[in-house]
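Notebook open, coffee poured. Today I wanted to see which charged side chains pair up, and what sits on the surface.

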Amino acid sequence: MATDESQEHVVVTNRKASFDYFILDRYETGIVLRGTEVKSLRQGSANVQDGHAIIRNGEVWLIGLHISPSEKGNINNHDPKRDRKLLLHKQEIRRILGKISDKGLTLIPLRLYFKHNIVKVELGLARGKKAYDKRQSIAKRDAERQLRRYYAQ
């Protein structure tokens, strides 16, 4: 998946995902939004920390994504916590469904971004970390930080 970084504008990233999960695979998806949701995303008001994706009736749905109501919105403002449909090809959905059902994996949103003025969601196929895995991640991060400090001197 070659992406042109100059054409992307990241709205929000899920920084906690790499700490809580092993990310095994990544998928770029479209998302079905309403007009006031796009306005809110342009203002940068979204939260993906509690979000996850499920497959329901052959469609992928993003649950728990919070997009704050637009300040300039009116009576037609959206519900901040509504379920949002993700756009994937049928073959990709089948492949993901097979992986999730066999290995006990989950789909989590990694980041929300604009690509050529279209909102995209990067989904990660993830396996949860145990407590000892998290301790290893912390130790590795601290060691890398110390190495950077040492070589910066």
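My entries on salt bridges and one surface patch follow.

Entry one. I'm working from a predicted model. I looked up the salt bridges and got 11. One of them pairs lysine 99 with aspartate 25, at 3.3 Å from N to O. Lysine 99 is in helix α3 and aspartate 25 in strand β2, 74 residues apart. I checked exposure too: lysine 99 is partly exposed at 23% relative accessibility, and aspartate 25 is partly exposed at 27%.

Entry two. Next I pulled up arginine 82 and glutamate 37, whose closest N and O atoms are 2.8 Å apart in a salt bridge. Arginine 82 lies in the loop between β6 and β7 and glutamate 37 in helix α2, so this pair ties together parts 45 residues apart in sequence. Both arginine 82 and glutamate 37 are buried.

Entry three. Then I went to arginine 111, which meets glutamate 122 in a salt bridge of 2.7 Å, N to O. That links strand β9, home of glutamate 122, to strand β8, home of arginine 111. Glutamate 122 is buried at 13% relative accessible area, and arginine 111 is buried at 15%. I traced the shared partners: Glu8, Arg26, Arg111 and Glu122 form one salt-bridge network. Glutamate 8 is in strand β1 and is buried at 12% relative accessibility. I also noted a 3.3 Å polar contact between the side chains of glutamate 8 and arginine 111.

Entry four. Last, the surface. Leu147, Tyr150 and Tyr151 make a nonpolar patch of about 410 Å². Tyrosine 151 lies in helix α4, and I logged it as exposed because its relative accessibility is 65%.

Terms used
Residues numbered from 1 in each chain as written. Predicted model: local features only at pLDDT ≥ 70, side-chain atom pairs only at ≥ 80, totals over all residues. Heavy atoms only, no water. Patch = residues over 30% accessible without salt bridge, like charges linked within 9 Å, V, L, I, M, F, W, Y side chains within 5 Å. Areas by Shrake-Rupley, 256 points an atom, 1.4 Å probe, with all protein chains shown as cover. Salt bridge = Lys/Arg side-chain N within 4 Å of Asp/Glu carboxyl O. Helix = DSSP H or I, 4+ residues; strand = E, 2+ residues; numbered from the N terminus. Buried < 20%, exposed > 50% of the residue type's maximum accessible area, 1.4 Å probe, protein only. Polar contact = N/O pair within 3.5 Å; in protein donor to acceptor, adjacent residues only side chain to side chain.
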